[in-house]
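Visitor: I would like to learn how to read charged contacts and metal sites in a model of this kind. Could we take them one at a time?

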Amino acid sequence: MSEIPAITVYGTGVNARTQCAHWHSERDIIAIKFKCCDTYYACIDCHREATDHAPIVWPRAEFGKEAIYCGNCRHTLSINDYLACDNTCPVCQAAFNPGCAKHYPLYFAQ
Ligand SMILES: [Zn+2]
Ligand SMILES: [Zn+2]
Ligand SMILES: [Zn+2]
């Protein structure tokens, strides 16, 4: 966990808490950095609409990298931190959407 104040999150209709046009509940407040373009997007649909390449999932060997951004406290988490956090930000205790777990294969190697 480290503070990186100048992260820009891209996507469709993204707001300051990283909610987007596709996912915008109170708990949809994380963004994910994509390995393919080293850019934070609010979700995979945002990535698809903004790019013309297929997303690349993070390989397990790189789960130590900071690739998750909490839109509530603006800190980044490693993928390992995120997968172990039980849907609660370890920095600010904000609740993350537990439904995101269904989409892990879109982002992280299984
Ligand atoms: Zn990409
Ligand atoms: Zn989106
Ligand atoms: Zn947080």
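**Salt bridges and a zinc site**

Guide: Let us begin with one pair: Lys35 and Glu62 bring their side chains together in a salt bridge, with N and O 2.8 Å apart. Lys35 belongs to the loop between β3 (30-34) and β4 (39-41), whereas Glu62 belongs to the loop between α1 (44-50) and β5 (66-70), so this pair ties together parts that lie 27 residues apart in sequence. Please keep in mind that this is a predicted model.

Visitor: Are the two partners, Lys35 and Glu62, buried or exposed?

Guide: The general idea is that a residue counts as buried when its relative accessible area is under 20% and as exposed when it is over 50%, with partly exposed in between. Here Lys35 is partly exposed, at 34% relative accessible area, while Glu62, at 17%, is buried.

Visitor: Which residues are linked in a network of salt bridges?

Guide: The network joins Lys35, Glu62 and Lys65.

Visitor: How many salt bridges does the count come to?

Guide: A pair enters the count when a side-chain nitrogen of Lys or Arg lies within 4 Å of a carboxyl oxygen of Asp or Glu, and in this model the count comes to 5 salt bridges. One of them is formed by Glu26 and Arg17, whose closest N and O atoms are 3.4 Å apart; Glu26 is exposed, with 59% relative accessibility, and Arg17 is partly exposed, with 26%. Another salt bridge is formed by the side chains of Asp38 and Lys33, at 3.5 Å from N to O; in that pair Asp38 is exposed, with a relative accessible area of 54%, but Lys33 is buried, with 19%.

Visitor: Turning to the metal, which residues are the protein donors of the zinc ion (ligand 3)?

Guide: To read a metal site, one identifies the donor atoms and then examines the angles among them. The protein donors of the zinc ion (ligand 3) are the SG atoms of Cys70, Cys73, Cys89 and Cys92, which lie 2.3 to 2.4 Å from the ion. The angles among the 4 donor atoms run from 104 to 113°, and the site is tetrahedral.

Visitor: How are the donor residues of the zinc ion (ligand 3) spaced in sequence, and where do Cys70 and Cys89 lie?

Guide: The spacing of the donor residues follows C-x2-C-x15-C-x2-C. Cys70 is in strand β5 and Cys89 is in the loop between α2 (79-83) and α3 (104-107), so that pair links distant parts of the chain, 19 residues apart. Cys70 and Cys89 are both buried.

Notes. Residues are numbered from 1 along each chain as its sequence is written. Chains are lettered from A and ligands numbered from 1 in the order in which they are written. This is a predicted model: local features need pLDDT of at least 70, side-chain atom pairs count only at pLDDT 80 or more; totals for chains, interfaces and linings use all residues. Side-chain values use heavy atoms; hydrogens and water are left out. Buried means under 20% relative accessible area, exposed over 50%, partly exposed in between (1.4 Å probe, protein chains only). Helices (H or I, at least four residues) and strands (E, at least two) are DSSP runs, numbered from the N terminus. Donors are N, O and S atoms within 2.8 Å of the metal (3.2 Å for Na, K and Ca); water is not among the atoms, so sites may look incomplete. Four donors count as tetrahedral if all angles lie between 85 and 135 degrees; four count as square planar and six as octahedral if opposite donors are over 155 degrees apart and all others between 65 and 115; anything else is irregular.
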